[in-house]
Amino acid sequence: ELCGHVGGDLVLGMEAKLGTLDQHVNAANATRNVAMNIFETLMTRDENMAPILDLAESLDVSEDKLTYTFKLRPGVKFHNGKPLTSADVAASFDRYNRIGVDRSALGSVDRWETPDDATFTIFLKEPQASFLESISASTVPIVIVPSEQANAEATRLEPIGTGPFQLEEFVADSHVKLKRYEDYKANETLDAMSGFAGRKQACVDTVTFRTLAEPGARLAALETGEVHIVEDVPTLSKERLVGNEDIVQTQLKHAALWLNYPNLSEPPTDNLKIRQAIQAAMNLDEIMDAMSDGSYSLNPSFQFPGQTYYTEAGSQYYNQNDPEKAKALLKEAGYNGEAVKLLTTRDIPRLYTAAVVMSEQLKAAGINAELVVLDWPTALGMSVNETEGWNFFFTGWITVTAQGGAQSLRNLADPSNVHKPKDNKSDAEFMKQFQILSTSPDLEERKAAFAKAQERVFEQVMAIPFGVTPKNQATRANVKGYVPFFNTRVSNVWLAE
Amino acid sequence: MLAYTLRRIAQAVPILLLVSLISFGIMQLVPGDPAAVLAGPNATPDELIKLRQTLGLDKSLLSQIMIFYGNLFQGDLGYSIILGEPVLKVVLERSPISISLALYSLALTVILGLSIGVIAAMKHNRWIDQAAMTFALIGVSVPNFWLGLVMIVLFSVHLGWLPTGGYVPFFEDPAGWFLAATMPALSLAMMQIGLLARLTRSTMLEVLGQDYIRTARAKGASEPRVIIKHAMSNVLIPVVTVLGMILSVLLSGSVIVETIFAVPGIGALLGNAILGRDYPMIQGGLIFVAAVLLILNIVVDVLYAWLDPRVRVQ
Amino acid sequence: MSHLEISNNPSALTSLRRFLGGRRVRRLIRHRSFMIGLWLCLFVTAIAIFAPIISAVDPNKMAIRSRFQPPSLEFLLGTDNLGRDLFSRVAWGARLSLAIGLGVVLLNAVFGVLLGALAGYFRRLDGILMRLSDALMAFPSVLLAIGIAAAMGASAMTAVISLAVVYIPRTARILRASVLQVNELEFVNAARAAGAGDFHILRRHILPNCMAPLVVQLSFVFAYAILSEAVLSFLGLGAAPTDPSWGIMISEGRSYIREAPWMTIIPGMAIAITVLGLNLLGDGLRDVLDPRVKMEH
Amino acid sequence: MQKNPILRVEGLRTTFTSDDGEVVAVDDVSFDVNEGEIVGLIGESGSGKSVTALAVMGLLPKSTSHVTAERIMFDGRDLAHASERELRRLRGGSIGMIFQEPMSSLNPVLKIGDQLIEPIRIHERISYRAAFDRGVELLTKVGIPSPVQRMNDYPHQLSGGMRQRVMIAIALSCSPKLLLADEPTTALDVTIQAQLLDLLLEIQAETKMAIVLITHSMGVIAECADKVVVMYSGRIAEQGPVTEIFDRPGHPYTKGLMQCTPELTGNSRRLTTIPGTLPSLSALPPGCRFAPRCDLAQPDCVAGRPPMIAIGKEHASACIRADELVASAAQPEGAEV
Amino acid sequence: MSKAPLLSVRDLSKYFTIRSPFRGTTVGTVQAVNRVSFDIGEGETLGLVGESGCGKSTTGRLLLRLIEPDRGEVLFEGRDLLKLDAGELKAIRKSIQIVFQDPFSSLNPRMTVEDIITEPLYVQGGMTRHDMRDRARMLLERVGLNAAHITRYPHEFSGGQRQRIGIARALAADPRFIVCDEAVSALDVSVQAQVINLLQDLQEEFNLSYLFIAHDLSVVRHISDRVAVMYLGEVVEIAGKDALYASPRHPYTKALLEAIPVAHPRLRGKRARLGGEVSSALNPPPGCRFSQRCPFAQDVCRREAPALRELGERHQVACHFAEELQAVAA
Ligand SMILES: Nc1ncnc2c1ncn2[C@@H]1O[C@H](COP(=O)(O)OP(=O)(O)OP(=O)(O)O)[C@@H](O)[C@H]1O
Ligand SMILES: Nc1ncnc2c1ncn2[C@@H]1O[C@H](COP(=O)(O)OP(=O)(O)OP(=O)(O)O)[C@@H](O)[C@H]1O
Ligand SMILES: [Mg+2]
Ligand SMILES: [Mg+2]
């Protein structure tokens, strides 16, 4: 039995506000935390982030790797009572292809067809080794919605899915309430839940996701028992909560990779030597310590340890903490005090702290660091749209890293190129490896390519990973079956009496 | 009275138009765009452009304005970009929350502010007066978001008396509403209580110095009678005139208090809308709030006219 | 008497006396809460001016190892999550808060006076100017400030401008009311009878006599600007965060309010003390200069 | 006219705490008011007339003023040492008071009727209805047309003269034995002032109540008063029967007052003046307070406070040269000094 | 008498529209000044009396164009003031000055006595600062104040002294004509006498003309050569003071004089008093405005407004029955 007890209202204290549940057009963690309990996808990631079927029962890949045929699980119904058919899948893919955020996932797709109600076939233009990785990615997952919603405009999707929970009430800035979907058809291929897939059951009658943006208030609510689960427990509070018998702490060790990337179009970071000097000057231990209050691990990779593509290639450039070398490089580069503008935001305190600490370190190495602090939308917009006014942009890859090698390096490759290389052409050597990484059918070859690409990123200082923070969560002691994951899963969680 | 009310309403229309123009102007200056917020940091520029198109953000400023006003006159405030719901619907859902909070705050303000002020005036220059005015002064000097934070720690965590925040609809659970709304209302009201107590005290002192109070005393009226019958009716007049202002501040102060106490009111809604660049939401929301404030002000003015026979009887 | 003594000595006090009137200065000096307010303000001002001297460490100097230190002899007011010294940060924060408050006050003084005087004196402009101010005042003030701050990008300058936009209509209204009142006084008619022009009358007669309510209002604007700047900073829309602002400090400290409450409480108290000082000052000025009852917002 | 004092004030002294410290606004004032008599209290602005009346009523603000008196006997009771409760019973009952400003002395937000019948309701146990009828009667008595409608009006709907009539009606509502009228007509137009003085005299003749009539107009005194008390700078300069005072003023100040009022008949090109101004209470001259302005002053005048010297039947003056003055008054009028 | 008067007012009118602050509708018009005409000769004082709100101050202000008249002419030395442009007006303002009732609000509390007195000179221009100061000192002494007090502020003076400062200011630019709007009404009798004497001395010395507005009839009689009586915005009677006080021709003038308290207790006696309340100038009745209170009013009075007409030498009255009344009185 998945549920030790059935019933009750599970209350979660959420850190971030969520605007919409339209999973196709929203990359926010907060949205996924809720929406992925409502929606399901054809294919998703398992507990180890490997692609796994969910709404599909089977998948046939043709010899030429151009045709992918999915058979849908029978008996699945949407929350509105309508049985799931391949038409719904096709409609969802249509909508995603039209307005979905991560449309490049479907970049190599030629077309899709629905030979019958239970079959969904995708035809590729050319073979793409990472195709399944792409469509199963959970950053902006291609959730399956009823076909009537194919034309729903961005953010106006009605949240009707096939998941174990259905939406009861959504009051933005306050809470989202889900209730058990009685006609839920569980995926019996696994014994338990794995990632977003597997056997899921709604043990509690309702789940309330409450927005408690104020960290003090959020934790206070856990302590008073107003909420059962909170995300993001501050390190300091962890220590305090240890003695509290009503509270159990949980952790997902590798949750987020923090990094920044330079702007290769803006002086002085257009100069490799200067970028290297900056890289050399940084003490990542200190940055990570400060931004996480001590709860972190260093990570000389764009993948988490234990992941398929994890490699420490290029780690000689990581965390050098060598201001002298930095000064030498600066001299070599003929640096004379040009401002290095660190673009960050206070909306995400860790990014802000990282930038503050980094600026101090740069100053210590004789680099004229300046903070440019904007609100998140503006900062983000600036990093995407502008090639001037900033030298480093700070961000955190929370799910992206977890999605695997190609996904995580995609941002440094054409055409995304968040680091703004000249003429929007990323480094040739890097691109070469990235091509192999995305197309080679051979995993070992892909892994080698990832390692080379990563090394190249380090060498060229196209991005600087700082380290990894865990996801510290805490639950009331009577919460059972809760397993922390990149996003919150409330299936199979039950409340002991 | 009716003519006056109608005239005031008519005067409100151009103000609303100005309000909408100003907010439109401000929003056009805002850098960053809602598409970027929705798409997150990993979206490619190409994807952003497409998202912008679907959100109608690629149209020219003028056509956005035209569309906005075109819809406005049909009572349509547009669709929120982030919430994906009609602005009017969201605003109508949220404003009762803020308004009820503001009214609760107002009730606290009026009850506490008036009584503190009256007591201070009656005990003029005595220790009660000093204590009351010190309290009032501290009330006007303490940042309300700070007070909110401190109150959460004190009342929720340490004492466990009140919930840390959230909102309970009044009609579902009045007691729960009361508990949940008390801290936010109090932290909103604190400053206004201080201001009103000071205003009441000084008005009361002024009124007590008036000739007609002396007349009342010369008639042999007892002190309570002098205060209640003769002084209060006059003190209330200036007090009522500031109620509109107080309400406006209470409604607007809710931005930060709602954020801290996780109250899904209009303040939090608009604050987030501004930070999320949700133009239609901001635009529609601001017009709505301004309209509510104007209406409340009209109500206050009518109340004022009703209280003051010099204005009432003409 | 004292008049003669003072007027023989052309000091700063004389000009202040000229401005306020000698009796008023005496009454102010005797006004207990005014003096407390004055001392508080002087105290905060002194801290702001001497911040570089009295704060032993750079306010941005991090010492990760000594983070979250409670107030002690070594760290007078404790340290924050990055090990920065809160005493230094509060002292430097005083600079910023006062500078922003002063900026808002100056803009208010210039534009509030300009608009208020124009509206009050030239009645033909009154309608337009007052409708505009109605519209600005119809916005909830915090939202307006947030909007402007968001539009211009967070910085101290932005905070100054957005708060000025919020408060100028209010100042202008108060000035307009005083102008209307003073305009009714006979000495204005006397000047007119002497053949004085509008500009002369405004400059010599009306404005000097509107100074009292203006000064009072500005002292309150100062206080509110400091409070509102803290709100903006708290929301991340205030000053550039390299300069420690009190609002930013509270905002940063709130994550640690349970474990390191001093991070929040100390900047909160700094704001409260400054605003308290200004309020006391304003109250005193109002009692002495402008005894009319008024409620400022 | 029986000599039966209804009010006897002895040694009244009133001090105020102000910005400039303690000031003595009324200093050792004593006078009698007999039953049915009109006593005029005259003096220039700030001489302490109102303060005297308010002190008798016990209406000065407790926080800033301090009243002492040997005795204030009213109708057999000592008001100086009476409890607030007792005073309240007398105020509006046996002692009525009218104030100078008809505009501000009525509560702007209450109906005339309510204000008018308030003393009746306070002092007599009668129904609202009965009180209302009494109110209408009173309004009729003071000459207000359509009194029933007026009962429901608010003060701002009445003209100044009507408001002052209402004030008179309020003061008379409980048939007081003593009426303190503090410049009841000063704020009004000449024709209305004359009407109201006539009205007061009429009512006084009817009810035989005693009136203390405060004014700064010699004309009003001449028209109404039986007895005059002249105040200067918080002290009594002279008091006596009205004809005495006019015929034989015993104080240079009184004399000056009469001479500097332009006469309606007189054609003298220049007015006689009293040089200088009333001294400020915070900087009082020693001795006789009028001495610095007095052309009869001599060194003795500043030596000490001049005592009240009796210079005729019930006529006394606080001038050490009172006798000379009275004697010179026998000379032909118009002699300029 | 054949000489043209210094100032001559013809048919001067000013109506104020009153709006309800509450409804915004027009409540009515106050006919504050209605077709007022009079002359003032050189060195002459015209007293202007009447009850509160009858338009005395408004008349005074109209003469100086502090308020713009609706209609009429104000001829000063033969030039119509109402037709002057801004520059000419400024120049002529030297010659016409005003002294106000309230010695507190009529002096700018933020200016020194010197600045107050020299303001007309400063505004008119053409004088050095030094000369202006000398003149201010001279004027201060002339009005009986200590020239050393020139650096003081108004609040350092008593009411009577302030009124002298106001007079000094009026004299600064060498006026020919001064409007004294209740210039002594606010003063205590002892001080009032001082100021009246001063005004008379100055008149003699500088050959000034006064329009002396007051409501104290004995003061007006004392200082004026001729007296005009106003009622609800209209002049009802003008005459030499002796003629007016001895034999008033208008019932209102008569009533006014009877309202003056007696000068001595022995002269007490029952006199006829005017009934009714002072009417409002707001929407006045048709016909004679005094008809409502007039004990002699006939039908014609309520229908037709009497014009101001000559009745005897320089004695003008606006009453239909002036002759009859005089006969009755006699
Ligand atoms: N409440 C008070 N506090 C301080 N001083 C006061 C107070 N009331 C009166 N005085 C002072 O007492 C003195 C006498 O005042 P009072 O009102 O009796 O004068 P008055 O003779 O009635 O003058 P007026 O004719 O102006 O009414 C004045 O100098 C006045 O300033
Ligand atoms: N600016 C104005 N707007 C409207 N009405 C006015 C204005 N000025 C004067 N009035 C009205 O005009 C009438 C005449 O006023 P004015 O001041 O000339 O009277 P007055 O005879 O000087 O009275 P007082 O003796 O009270 O000074 C009054 O009814 C007054 O209310
Ligand atoms: Mg008095
Ligand atoms: Mg007047």
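Select chains A and C together and begin at their shared face, where eight residue pairs are in polar contact, both members of each pair being at pLDDT 80 or more; a polar contact here is a pair of N or O atoms within 3.5 Å, in which, within protein, one must be able to donate a hydrogen and the other to accept it, while residues adjacent in sequence count only if both atoms are side-chain atoms. The model is predicted, so that local features need pLDDT of at least 70 and side-chain atom pairs count only at pLDDT 80 or more, whereas totals for chains, interfaces and linings use all residues. Residues are numbered from 1 along each chain as its sequence is written, chains are lettered from A in the order in which they are written, and side-chain values use heavy atoms, with hydrogens and water left out.

**Chain A against chain C**

Staying with this pair, colour chain A by element: α4 (215-224), α5 (235-241), α7 (284-292), α9 (349-364) and β17 (369-374) each give two or more residues to the side that touches chain C, helices (H or I, at least four residues) and strands (E, at least two) being DSSP runs numbered from the N terminus. The largest share of that side, five residues, comes from α9(A). By type, the side of chain A divides into nine nonpolar, four polar and eight charged residues, where Ala, Val, Leu, Ile, Met, Phe, Trp, Tyr, Cys and Pro count as nonpolar, Asp, Glu, Lys and Arg as charged, and the others, Gly among them, as polar.

Next, show the side chains of A:D289 and C:R67, which meet in a salt bridge at 2.5 Å, N to O; the term requires a side-chain nitrogen of Lys or Arg within 4 Å of a carboxyl oxygen of Asp or Glu. The count between chain A and chain C is three salt bridges.

For the whole contact (heavy atoms within 4.5 Å), select 21 residues from chain A and 23 residues from chain C. Together the two chains bury about 2,100 Å², 55% of it on carbon and sulfur atoms, buried area being the accessible area (1.4 Å probe) that two parts lose on being put together, summed over both. In chain A, the residues that lose the most area to chain C are A:L236, A:D293 and A:R346, together 27% of what that side buries.

**Chain B against chain C**

Now hide chain A and bring up chain B, which contributes 51 residues to a contact with 47 residues of chain C. Chain B and chain C bury about 4,100 Å² between them, with 80% of it on carbon and sulfur atoms. On the chain B side, B:S141, B:F145 and B:W146 lose the most area to chain C, together 14% of what that side buries.

Here the count is one salt bridge, and the side chains of C:D283 and B:R198 can be displayed in such a bridge at 2.5 Å, N to O. Five residue pairs across this interface are in polar contact. The side of chain B that touches chain C divides into 38 nonpolar, 10 polar and three charged residues.

**Inside chain C**

Select residues 96-122 of chain C, a span that is 96% helix and 0% strand, with its end C-alpha atoms 38 Å apart. Then move to residues 142-168 of chain C, where the chain is 89% helix and 0% strand and the end C-alpha atoms are 14 Å apart.

**A stop in chain A**

Finally, centre on A:E133 in helix α3 (residues 131-135) of chain A, and list its contacts, A:R45, A:P51, A:Y309, A:Q403 and A:A406, not counting residues up to four places away in sequence.
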